[in-house]
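Q: Could you take me through one part of this model in close detail? I would like to start from a single loop residue and then follow the picture outwards from there.

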Amino acid sequence: MGDNVIPLADLRYAAERPRIPAELSLPSGLLPDRLGRPLRDLRISVTDRCNFRCSYCMPKEVFDRDYRFLPQSSLLSFEEITRVARAFVAHGVRKLRLTGGEPLLRKHLESLVGMLASLRTPEGDELDLTLTTNASLLERKAHALADAGLKRITVSLDALDDVVFRRMNDVDFPVADVLRGIDAALAAGLGPVKVNMVVKRGTNDHEIVPMARYFRERHGARVALRFIEYMDVGSTNGWRMDEVLPSAQVVERLSQVFPLEPVEATQPGETAQRWRYRDGAGEVGLISSVTQAFCRDCNRARLSTEGKLFLCLFATRGHDLRALLRGVQATGQPWTDAQIAAAIGLIWSERSDRYSELRSAEAPASDVGTRRVEMHYIGG
Ligand code: SAM
Ligand code: SF4
Ligand code: SF4
């Protein structure tokens, strides 16, 4: 496709063309944004497609047969993703998470895992390379991913009850296959596995204790179950505050059955508050993006499937890195790695996003009219 042909789907979210600073300084790895937050975590969406239709993420009514997903030519190639990731690592990123859509739907994903696994920090250390998946294809792919260099994995599972789970994924996918995927990941050495459960009051909150019981009893410390507050991300899921079950209530319900004690955070920017079972059977995490915002320590950037950089899950505008990867300077020369790294540095240094802190329970969608980015497009 020629440079001046822009696939229609590219226009779905506004994006700015990044500026290249006149003076290129070498990345220090310590770059603060406007609120003093360093850049440590890059989430890379490798596809906007998914074989599930979870109502809180890709409701069937919107993401139907007529929905236009990104064309293949829009997607960043594995080489392009690795080039961008290398620049981020120079700026201090230590953790890469592959996500989507459903990342295991991207063909030959193990090749990308291999390419990213070969990146090193300026000190020569390996990166923390992980992936979030609905596990529908995990049983088949766990070994290949581990062999390619994936370190850990996060699996999403919203219920143990097959009827509830099939309804929530809305494609009639059975729980048993996800559980087999988790077993396969552990067998492949991808543990400890994190299991994410999005809690929707009235839909799956009665599954909190059964989920905890299953993972405690079957896997102990090899699986950390994390309860995620249902978020008002995107603009298609019809989010309502009364469907959010605050994490404090999750802890309360769990403690009645399995006594818990808090665990100190080990790293700044950790999204989950951790609690351990007093009897030593492992721990759980609580991700309270709605009731206890953690923007103050947010050190994450997100790269969309088509190469737009988003500085916040609730952003309405991205920064079009693909324009630099595929475009040319006025001289006709391609942009250099140093120029691309400098552009990324400038974008991060101007970041001041803190949506969750600013959100008030009364007016969660204060930016109605501006289209917020969807979760399946930039990943969780
Ligand atoms: N398809 C993969 C999966 O489901 O694990 C990866 C992408 S998915 C967008 C990443 C994570 O975002 C999942 O754990 C999912 O449950 C979570 N998620 C999606 N929409 C959400 C919402 N509205 N509130 C909270 N979490 C959400
Ligand atoms: Fe797909 Fe993950 Fe979104 Fe569910 S949460 S629809 S599995 S991308
Ligand atoms: Fe980070 Fe934005 Fe979430 Fe705050 S709302 S924690 S800035 S992604």
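A: Happy to! Let us begin with aspartate 170, which sits in the loop between H4 and H5. Do keep in mind throughout that this is a predicted model. The backbone of aspartate 170 has a positive phi of about 60°, although the residue is not a glycine. Its relative accessible area is 26%, so aspartate 170 counts as partly exposed.

From this loop, a good next step is helix H4, which spans residues 162–169 and holds phenylalanine 165. The ring of phenylalanine 165 pairs with that of phenylalanine 52: the centres are 6.2 Å apart and the planes stand at 70°, so the pair is edge-to-face. Phenylalanine 52 belongs to the loop between strand S2 (41–45) and helix H1 (78–90), so this pair links distant parts of the chain, 113 residues apart. Both phenylalanine 52 and phenylalanine 165 are buried. Ring pairs also bring in Phe173, giving a cluster of Phe52, Phe165 and Phe173.

Phe52 leads us on to a ligand, since it is one of the residues surrounding ligand 2. The others there are Cys50, Cys54, Tyr56, Cys57, Met58, Gly101 and Asn134. By class, this shell has six nonpolar residues and two polar ones, with no charged residue.

Staying with rings a little longer, the whole structure holds eight aromatic pairs. One of them joins tyrosine 67 and phenylalanine 69, with 4.8 Å from centre to centre and 65° between the planes, an edge-to-face arrangement. Phenylalanine 69 has a relative accessibility of 15% and therefore counts as buried. Two tyrosine rings have a basic side chain over the face: lysine 200 lies over tyrosine 230, at 4.9 Å from the ring centre, and arginine 216 lies over tyrosine 277, at 4.6 Å from the ring centre.

Now back to the other side of our starting loop, and some further backbone details. Helix H5 covers residues 175–187, and the loop between H5 and strand S6 (193–199) contains proline 192. The peptide bond from glycine 191 to proline 192 is cis, with omega near -10°. Histidine 108 is another residue other than glycine with a positive phi, here near 60°. This histidine 108 is placed in the loop between strand S3 (95–99) and helix H2 (109–117). With a relative accessible area of 53%, histidine 108 is exposed, whereas aspartate 170 is partly exposed.

Ligand 3 gives a second ligand shell to look at. Around ligand 3 there are 13 residues, of which Cys295, Cys298, Cys312, Leu313 and Ser356 come nearest. Strand S11 (300–303) and helix H10 (355–358) are the elements that each give two or more residues to this shell. Its make-up is seven nonpolar, one polar and five charged residues, while the shell around ligand 2 has no charged residue.

Strand S11 is also where arginine 300 is placed. At 5% relative accessibility, arginine 300 counts as buried. Leaving aside residues up to four places away in sequence, arginine 300 touches Asp41, Arg43, Gly269, Thr271, Phe294, Leu311, Trp348 and Arg351. Arginine 300 and glutamate 252 are 48 residues apart in sequence, and their C-alpha atoms are 30 Å apart in space.

Asparagine 299 lies in the loop between strand S10 (283–287) and S11. Asparagine 299 is buried as well, at 9% relative accessibility. With the same sequence neighbours left out, asparagine 299 touches Pro38, Leu39, Arg40, Asp41, Pro268, Gly269 and Trp348. Asp41, Gly269 and Trp348 are thus contacts of asparagine 299 and of arginine 300.

Finally, let us set these details within the whole chain. The protein chain has 11 helices and 13 strands. Its radius of gyration is 20 Å, close to the 21 Å that the globule rule gives for 380 residues, so the chain is as compact as a globular protein of that length. Along the principal axes, the C-alpha atoms fill a box of roughly 65 × 45 × 40 Å. Buried residues make up 56% of the 380 residues. Among contacts with a separation of 6 or more, 74% come from residues 24 or more positions apart. The pairing of phenylalanine 52 with phenylalanine 165, which links distant parts of the chain, is a good place to look at such a long-range link in the model.

Technical notes. Residues are numbered from 1 along each chain as its sequence is written. Chains are lettered from A and ligands numbered from 1 in the order in which they are written. This is a predicted model: local features need pLDDT of at least 70, side-chain atom pairs count only at pLDDT 80 or more; totals for chains, interfaces and linings use all residues. Side-chain values use heavy atoms; hydrogens and water are left out. A residue is near a molecule or strand if one of its heavy atoms lies within 4 Å of it. Ala, Val, Leu, Ile, Met, Phe, Trp, Tyr, Cys and Pro count as nonpolar, Asp, Glu, Lys and Arg as charged, and the others, Gly among them, as polar. Rings of Phe, Tyr and Trp (its six-membered ring) pair if their centres lie within 6.5 Å; planes under 30 degrees apart count as stacked, over 60 as edge-to-face and the rest as tilted. Helices (H or I, at least four residues) and strands (E, at least two) are DSSP runs, numbered from the N terminus. Buried means under 20% relative accessible area, exposed over 50%, partly exposed in between (1.4 Å probe, protein chains only). A charge sits over a ring if NZ of Lys or CZ of Arg is within 6 Å of the ring centre and within 35 degrees of the ring normal. The radius of gyration is taken over C-alpha atoms; the globule rule is 2.2 Å times the number of residues to the power 0.38. Contact means heavy atoms within 4.5 Å.
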